[in-house]
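Here are my notes on the model you sent round. I've kept them as numbered points so you can check each one in your viewer.

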Amino acid sequence: MNFEAPVRRGSGWFETVDYGLDLVIMPSGSRTWKDVDDPDELVREGRITREVADELRTRAAALAEDLDAGRRWWAGWDGWTLEARP
């Protein structure tokens with residue numbers, strides 16, 4: 001899971017902010033957090049506010065709780081594969 005701001009679209013451009021924080025979820029269900037300090041660095045750089053960083057951590061914790069409870073909103077994609085096109 002990549003935590004980022006919603007993509008904004010303008011006339012001829014796209015913009016997003018990657019908050020750095022990632023959650024790698026293995027097929028086995030095990031998971032690893034990556035770059036957990038990145039949101040704090042973004043706050044120090046003035047790229048996001050402390051409130052955004054706090055909301056990010058709240059949402060990340062909620063996702064971890066969902067995983068612990070076996071709730072996976074993306075489960076419908078589990079069997080998806082990219083089929084070769086002619």
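**Notes on charges, patches and contacts**

1. R71 forms a salt bridge with D66, with the closest N and O atoms 2.9 Å apart. The rule for a salt bridge here is a side-chain nitrogen of Lys or Arg within 4 Å of a carboxyl oxygen of Asp or Glu. Elsewhere, salt bridges with shared partners tie D40, R50, D54 and R57 into one network. By this rule the count comes to nine salt bridges.

2. Before going further, some housekeeping. This is a predicted model, so local features need pLDDT of at least 70 and side-chain atom pairs count only at pLDDT 80 or more, while totals for chains, interfaces and linings use all residues. Residues are numbered from 1 along each chain as its sequence is written, and side-chain values use heavy atoms, with hydrogens and water left out.

3. Back to R71, which sits in the segment after α2 (50-68). Helices (H or I, at least four residues) and strands (E, at least two) are DSSP runs, numbered from the N terminus. R71 touches E65 and D66, not counting residues up to four places away in sequence; contact means heavy atoms within 4.5 Å. From R71 to P6 it is 65 residues in sequence and 23 Å in space, C-alpha to C-alpha.

4. How exposed are the two partners? R71 has a relative accessible area of 46%, so it is partly exposed. D66 is partly exposed as well, because its value is 28%. The cut-offs: buried is under 20% relative accessible area, exposed is over 50%, and partly exposed is in between (1.4 Å probe, protein chains only). The areas themselves come from the Shrake-Rupley method with a 1.4 Å probe, and for residues only the protein chains shown count as cover.

5. Two further pairs are worth a look. R59 bridges to E55, the closest N and O atoms being 2.7 Å apart. Both R59 and E55 lie in helix α2, four residues apart, about one turn of the helix. R59 counts as exposed because its relative accessibility is 56%, whereas E55, at 37%, counts as partly exposed. In the other pair, E45 forms a salt bridge with R47, and the closest N and O atoms are 3.6 Å apart. E45 is partly exposed at 44%, and R47 is exposed at 51%.

6. Which acidic residue is buried yet has no salt bridge? That is D22; the nearest side chain of opposite charge, K34, is 4.9 Å away. On the sign convention, Lys and Arg count as positive and Asp and Glu as negative, with His and the chain ends not counted. D22 is in strand β4 (residues 18-25). Leaving out residues up to four places away in sequence, D22 touches M1, N2, F3, T32, W33, K34 and D35. I'd flag this one for your own inspection.

7. D35 turns up again in its own right. D35 belongs to the loop between β5 (31-34) and α1 (38-45), and its phi is near 55°, a positive value in a residue other than glycine. The relative accessible area of D35 is 37%, so this residue is partly exposed. D35 also joins E4, D18, D37 and D38 in a negative surface patch. Patches are made of residues with over 30% relative accessible area and no salt bridge, joining like charges within 9 Å and nonpolar side chains (Val, Leu, Ile, Met, Phe, Trp, Tyr) within 5 Å. The place of a charge is taken as NZ of Lys, CZ of Arg, CG of Asp or CD of Glu.

8. There's a nonpolar surface patch too: W77, W80 and L82 make one of about 450 Å². L82 lies in the segment after α2. With a relative accessibility of 68%, L82 counts as exposed.

9. Last, Y19. Is this residue buried or exposed? Y19 is buried, because its relative accessible area is 13%. Y19 is found in strand β4. Setting aside neighbours within four places in sequence, Y19 is in contact with F3, E4, A5, D38, P39, L42, I48, V52 and L56. Y19 and D40 are 21 residues apart in sequence and 9.4 Å apart in space, C-alpha to C-alpha.
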